[in-house]
Amino acid sequence: QVRLVESGGGLVQAGGSLRLSCVVSGSILSIDDMCWYRQTPGKQRELVASITISGSTNYADSVKGRFTISRDNGKNTVYLRMNILKPEDTAVYYCHASITARYTLFSGDYWGQGTQVTVSS
């Protein structure tokens, strides 16, 4: 069974920083793209940043220059470093990964349970 577990969320003042982590565990053959999404009440989940297995990255315009996504393939972990946080960054942040399972060879999209980030003004 594949699991994604996020950590690192919390309450921070505007201008501060946080680092989110997401660890993938279970019977994994390979992990392709890894992403961070965020969602606020009443709004659709939006893509914040993505990273391919080779390290190519993509960011939402609203976070370019402030957020950095990275991954450690040896640890099956993806990170999101968030700097110069703004109140509008407040959301639940979700980890997403495209994963092929080891024994079934099933490839699918998996989500973490989410971690709350709150930025106070």
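Student: In this predicted model, what makes Asp 89 and Arg 38 count as buried or exposed?

Tutor: Buried means under 20% relative accessible area. Asp 89 has 1% relative accessibility and therefore counts as buried. Arg 38, at 6%, also falls under that cut-off, so Arg 38 is buried as well.

Student: Why is the contact between Asp 89 and Arg 38 called a salt bridge?

Tutor: The definition asks for a side-chain nitrogen of Lys or Arg within 4 Å of a carboxyl oxygen of Asp or Glu. The closest N and O atoms of Asp 89 and Arg 38 are 3.0 Å apart, and the pair therefore satisfies the limit of 4 Å. Side chains of opposite charge can pair when their charged atoms come close.

Student: Which parts of the chain does the pair of Asp 89 and Arg 38 tie together?

Tutor: Asp 89 belongs to the loop between β8 and β9, whereas Arg 38 is in strand β4, so the pair links parts that are 51 residues apart in sequence.

Student: What makes Arg 66 a further partner of Asp 89?

Tutor: The side chains of Arg 66 and Asp 89 meet at 2.7 Å, N to O, so this pair too is a salt bridge under the limit of 4 Å. Arg 66 lies in the loop between β6 and β7 and Asp 89 in the loop between β8 and β9, so parts 23 residues apart in sequence are tied together. Arg 66 has 9% relative accessibility and therefore counts as buried.

Student: How do you know which residues are joined into one network?

Tutor: The salt bridges share partners, and they join Arg 38, Glu 46, Arg 66 and Asp 89. Glu 46 enters through Arg 38, with the closest N and O atoms 2.6 Å apart. In the whole structure, 4 salt bridges are found.

Student: Why is Glu 46 called partly exposed?

Tutor: Partly exposed covers the range between the buried limit of 20% and the exposed limit of 50%. Glu 46 has a relative accessible area of 34%, so Glu 46 is partly exposed.

Student: What makes β4 and β5 a pair, and in which sense do they run?

Tutor: Two strands pair if there are at least two bridges between them. β4 and β5 have 5 bridges, in the antiparallel sense, so the requirement of two is met. One of the bridge partnerships is that of Trp 36 with Ala 49 in β5. The two strands form a hairpin with 6 residues between them, and Gly 42 in the turn has a positive phi of about 85 degrees.

Student: How many bridges support the pairing of β4 with β9?

Tutor: This antiparallel pairing has 9 bridges, and it therefore also meets the minimum of two. Met 34 has Ala 97 as its bridge partner in β9.

Student: Why is His 96 called buried or exposed?

Tutor: His 96, located in strand β9, has a relative accessible area of 9%, so His 96 is buried. Beyond its neighbours within four places in sequence, His 96 is in contact with residues including Leu 4, Asp 33, Tyr 37 and Trp 111.

Student: How do you know whether Ala 60 is buried or exposed?

Tutor: Ala 60 has a relative accessible area of 18% and is therefore buried, the cut-off being 20%. This residue is in the loop between β6 and β7. Ala 60 touches Leu 47 and Val 48, leaving out residues up to four places away in sequence.

Student: Which residues touch the most other members of the largest nonpolar core?

Tutor: That core has 31 residues, and those touching the most other members are Leu 4, Trp 36, Leu 80, Met 82, Tyr 93 and Ile 99. The elements giving two or more residues to this core include β3, β4, β8 and β9. β9 gives the most, with 5 residues. Among the residues that Ile 99 touches are Val 2, Leu 4, Phe 106 and Tyr 110.

Student: What is the strand order of the open sheet of 4 strands, and why are β1 and β7 edge strands?

Tutor: The order is β1-β3-β8-β7, with antiparallel pairing. β1 and β7 each have a single partner strand, so one side of each is left without a neighbour in the sheet. Direction ignored, neighbouring strands of this sheet are turned by 15 degrees against each other on average. At the β7 edge, 6 bridges join β7 to β8, and Ser 70 has Tyr 79 as its bridge partner in β8.

Terms used:
Residues numbered from 1 in each chain as written. Predicted model: local features only at pLDDT ≥ 70, side-chain atom pairs only at ≥ 80, totals over all residues. Heavy atoms only, no water. Core = buried A, V, L, I, M, F, W, Y, C linked by side-chain atoms within 4.5 Å. Buried < 20%, exposed > 50% of the residue type's maximum accessible area, 1.4 Å probe, protein only. Contact = heavy atoms within 4.5 Å. Axes fitted to C-alpha atoms, helices over the stretch in contact; angles between N-to-C directions.
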